[in-house]
Amino acid sequence: MRIGELAARADTTTRTLRYYESRGLLPARRDELGHRAYDEHDLRALQQIRTLRDFGFELEETRPFVECLRAGHPEGDSCPASLAVYRRKLDELDALIGELAAVRDKVAGQLTRAERARDELAAEALVPGGPEPVCELGGRDL
């Protein structure tokens with residue numbers, strides 16, 4: 001198939017296909033007229049790249065999966081190099097989840113502190129002569 005047909009079937013652009021070719025992820029085969037020529041294996045490689053990119057993989061991280069398909073394996077993730085990429089990605093995700101959990105804990109602590117301060121201020125306002133609460137949005141009412 002030609003580049004336009006492959007792009008349409010893979011739901012991508014011809015520019016993207018040329019870029020993948022320049023990165024060595026797609027073969028640079030040409031037909032007798034000099035047009036780029038692709039087959040179903042190339043479509044399968046593109047589908048693998050797209051799935052991995054949708055999962056947050058960098059383009060270069062897709063290379064072992066594409067090479068696994070090119071080697072004749074029915075799935076791009078059945079080779080040792082692909083499994084190693086999965087393991088690295090899981091480690092990366094676990095680290096990010098840990099960082100997000102720490103940020104969440106800090107935000108929750110800030111919320112607790114802010115609510116406590118608001119409640120203390122409201123309680124002081126009920127004491128004769130205590131300060132009147134001021135809303136940050138410009139009003140004087142709570």
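**Glu61**

I began at Glu61 in this predicted model, and found that the side chain of Glu61 reaches the backbone nitrogen of Glu58 at 2.6 Å. I then looked up where Glu61 sits, and placed this residue in the loop between H3 and H4. Leaving out neighbours within four places in sequence, I listed the residues in contact with Glu61 as Gly56, Val85, Lys89 and Glu92.

**Helix H2**

Next I turned to helix H2, which spans residues 14-22, and asked which of its residues are buried. I noted Leu17, Tyr20 and Glu21 as buried. Looking down the axis of H2, I found that these buried residues fall within an arc of 100°, so they line one face of the helix. On the face of H2 turned away from that buried side I noted Arg15 and Ser22, both exposed. I also looked up what covers the buried residues of H2, and the cover includes helix H1 (3-10) and helix H3 (40-54). After H2 comes Gly24, for which I wrote down a positive phi, near 80°.

**The nonpolar core**

I then went to the largest nonpolar core, which has 16 residues. The residues with the most contacts inside this core are Leu6, Leu17, Tyr20, Leu25, Leu26, Leu46 and Ile49. Asking which elements give two or more residues to the core, I found H1, H2, H3 and helix H4, the last of these running over residues 63-70. Leu17 and Tyr20, which I had already entered as buried residues of H2, thus appear again in the list of core residues with the most contacts. As background I noted that in soluble globular proteins nonpolar side chains tend to be buried together.

From the core I picked out Leu46 and followed its contacts: not counting residues up to four places away in sequence, Leu46 touches Leu6, Ala10, Leu17, Tyr20 and Leu26.

**The chain as a whole**

Last, I stepped back to the protein chain, whose secondary structure I recorded as five helices and zero strands, the order from the N terminus being α-α-α-α-α. How many of the 142 residues count as buried? I entered 25%. For the exposed surface of the protein chain I noted about 9900 Å², of which carbon and sulfur atoms supply 56%. Finally, among contacts in the protein chain with a separation of 6 or more, I found that residues 24 or more positions apart account for 41%.

Terms used
Residues are numbered from 1 along each chain as its sequence is written. This is a predicted model: local features need pLDDT of at least 70, side-chain atom pairs count only at pLDDT 80 or more; totals for chains, interfaces and linings use all residues. Side-chain values use heavy atoms; hydrogens and water are left out. Buried means under 20% relative accessible area, exposed over 50%, partly exposed in between (1.4 Å probe, protein chains only). Helices (H or I, at least four residues) and strands (E, at least two) are DSSP runs, numbered from the N terminus. The arc is that of the directions from the helix axis to the C-beta atoms. Contact means heavy atoms within 4.5 Å. A nonpolar core is a set of buried Ala, Val, Leu, Ile, Met, Phe, Trp, Tyr and Cys residues joined through side-chain atoms within 4.5 Å. A polar contact is a pair of N or O atoms within 3.5 Å; within protein, one must be able to donate a hydrogen and the other to accept it, and residues adjacent in sequence count only if both atoms are side-chain atoms. Accessible areas come from the Shrake-Rupley method with a 1.4 Å probe; for residues, only the protein chains shown count as cover.
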